[in-house]
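Grab a pencil and work through these short exercises on the cysteines and the overall fold. Each task comes with its solution.

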Amino acid sequence: MVEFSTQGLADKKEIYEQILSQVEHLFDESDNQLSGLSNFTALIKQALGYVSWVGFYIYDGSRLYLGPFQGKVACTSIAIGKGVCGTSAEKRETVIVPDVDKFPGHIACDSASRSEIVLPVVLQDGSLYGVLDLDSTEYNSFDDTDAEYLSKLVEILTKKVIKL
Ligand code: SME
């Protein structure tokens, strides 16, 4: 069982360092992929208090469909190039949105969402697995620190959980 004591930590860097130090113990290489991804979303939601929704959208060769997540009920399918998730998948770039109302084409799954970050999940053979999406009900919740640490975590996932 992974336990977090995020209270009293000075900033998100410290929380991410704690997540990184624990994450290796979370995954058992014999685990089912969906089990690993599901626990990963729980870990992020548990550790990062400013995250209201976290989950994966998985690429099926034509669209992104809803995968393991924590948070409110969400859209089940997103076209490549649409919304923040589809844009990140199409460009294979991390997209930080400080204010969702200023992102043209933002898909509002949760009307309380104010900011978000989406990272592409690209496998070791270069193929697109999907995206990792984090939402917050506050503006400006995500910054370069989130991008840096989440990309390290995605890299660990592609080595230990999402096997080719
Ligand atoms: N806002 C996302 C859609 C997914 S939900 O936030 C869970 C987007 O614009 O792609």
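A disulfide here is a pair of cysteine sulfur atoms within 2.5 Å. This is a predicted model, where local features need pLDDT of at least 70, side-chain atom pairs count only at pLDDT 80 or more, and totals for chains, interfaces and linings use all residues. Residues are numbered from 1 along each chain as its sequence is written, and side-chain values use heavy atoms, leaving out hydrogens and water.

**Exercise 1.** Find which cysteines form a disulfide, and work out what the pair ties together.

*Solution.* Start with the count: the structure holds 1 disulfide. Next, look at the sulfur atoms of C75 and C109, which sit 2.0 Å apart and form the bond. C75 lies in the loop between strand 2 (63-70) and strand 3 (77-79), and C109 in the loop between strand 4 (95-97) and strand 5 (115-122), so the link ties together parts 34 residues apart in sequence. Strands are DSSP runs of E, at least two residues, numbered from the N terminus. Last, check the handedness: at -115 degrees about the S-S bond, the link of C75 and C109 is left-handed.

**Exercise 2.** Explain why C85 has no bond to C109, then say whether each is buried or exposed.

*Solution.* Distance first: the closest cysteine sulfur to that of C85 is in C109, 7.6 Å away, too far for a bond. Now accessibility, where buried means under 20% relative accessible area, exposed over 50%, and partly exposed in between (1.4 Å probe, protein chains only). C85, at 4%, is buried, while C109, at 33%, is partly exposed.

Terms used: Helices (H or I, at least four residues) and strands (E, at least two) are DSSP runs, numbered from the N terminus.
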